[in-house]
Amino acid sequence: MRTEGRMKGRAGTTASADPGAADPGPRSRSVWFRDGLRFSCVKCGACCRDDDEESFVFLYEGEPRRMAKALGLDEGEFLRKYVAGVDGFATLRNSGKECILLSPGGTCSLYGARPLQCRAWPFWPEYIKKRSLWQSSVACKCPGAGRGRLHTASKITAILQHQHEARLMLIGPGPFI
């Protein structure tokens, strides 16, 4: 759903669809997460569901080919079965309000080959910019937040920068269905 150049991300937060609009993230040590953040994926699938509204997982160059290979499909079959287009950008199809790759058991059926957007969770720019957004969008919904490995501020900043640079490689425009 496009609204004035913005689209919804997987967990229902607003993410910019304009590759040039993304802030690469904090550039100084004066960030609220300067002591780092603990996160370890518990593979619960909570980040793959959106109870509020439809959301999207955007695909970047090379991802459909890699994902197809992991599923044992050729790229054309993968595109027909799993990829849709939203405002000219390639996205994974939704299955209701959850990711099409979410297994009946509630885990990602393609965890090892999941897209960048999923691999970067929960360190998305829209969640990291303020502690209150982290608390309301990640910490209270994700059982892996606050647990496990400590991600340093510099590591989180590198993840944010990688996402910013990758936005230039979004697959689009074009029909994908």
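In which helix is the place of Val138? I looked this up first and found Val138 in helix 5 (residues 131-139).

**Entry 1. Basis of the notes**

I am working from a predicted model, in which local features need pLDDT of at least 70 and side-chain atom pairs count only at pLDDT 80 or more, while totals for chains, interfaces and linings use all residues. Residues are numbered from 1 along each chain as its sequence is written, and side-chain values use heavy atoms, with hydrogens and water left out.

**Entry 2. Overall composition**

I noted 6 helices and 8 strands in the chain; helices (H or I, at least four residues) and strands (E, at least two) are DSSP runs, numbered from the N terminus. The order of elements from the N terminus is β-β-β-α-α-β-β-β-β-α-α-α-β-α. Of the 177 residues in the chain, 45% are buried; buried means under 20% relative accessible area, exposed over 50%, and partly exposed in between, with a 1.4 Å probe and protein chains only. I also looked up contacts (heavy atoms within 4.5 Å). Among those between residues at least 6 apart in sequence, 75% join residues at least 24 apart.

**Entry 3. Val138 and the cis peptide bond**

I returned to Val138, which is buried because its relative accessible area is 1%. Not counting residues up to four places away in sequence, Val138 touches Trp121, Pro122, Tyr127, Leu133 and Ala145. From Val138 to Ile128 the C-alpha distance is 9.7 Å, with their positions 10 residues apart in sequence.

Two of the residues that Val138 touches, Trp121 and Pro122, are joined by a cis peptide bond with omega near 5°. I located Pro122 in the loop between helix 3 and helix 4 (125-128).

**Entry 4. Positive phi values**

Most residues other than glycine have a negative phi, and most peptide bonds are trans. I therefore recorded two residues with a positive phi.

Lys43 is not a glycine, yet has a positive phi of about 55°. Lys43 belongs to the loop between strand 3 (37-39) and helix 1 (63-71), and is partly exposed at 45% relative accessibility.

Asp87 has phi near 50° and sits in the loop between strand 4 (83-86) and strand 5 (89-92). With a relative accessible area of 41%, Asp87 is also partly exposed.

**Entry 5. Helix 1 against helix 2**

How far apart are the axes of helix 1 and helix 2? I found the axes 9 Å apart, with helix 1 and helix 2 (residues 75-82) packed at an angle of about 95°. Axes are lines fitted to C-alpha atoms, for helices over the stretch in contact, and angles run from 0 to 180 degrees between N-to-C directions. The two helices are therefore roughly perpendicular to each other; this term covers 65 to 115 degrees, whereas angles under 35 count as roughly parallel, over 145 as roughly antiparallel and the rest as oblique.

Helix 1 contributes Pro64, Arg65, Met67, Ala68 and Leu71 to the contact, and helix 2 contributes Glu75, Phe78, Leu79 and Tyr82. I counted 7 nonpolar, no polar and 2 charged residues there. Ala, Val, Leu, Ile, Met, Phe, Trp, Tyr, Cys and Pro count as nonpolar, Asp, Glu, Lys and Arg as charged, and the others, Gly among them, as polar.

Lys81 also lies in helix 2 and is partly exposed, with a relative accessible area of 48%. Leaving aside neighbours within four places in sequence, I found Lys81 in contact with Arg93 and Ile100. The C-alpha atoms of Lys81 and Arg93 are 8.3 Å apart, for 12 residues along the chain.

**Entry 6. Two residues of helix 6**

Gln163 lies in helix 6 and is buried, with a relative accessible area of 7%. Beyond residues up to four places away in sequence, Gln163 touches Ala120, Phe123, Trp124 and Pro125.

Ala153 is in helix 6 and is buried at 4% relative accessible area. The C-alpha atoms of Ala153 and Phe33 are separated by 6.2 Å, although the residues are 120 apart along the chain.
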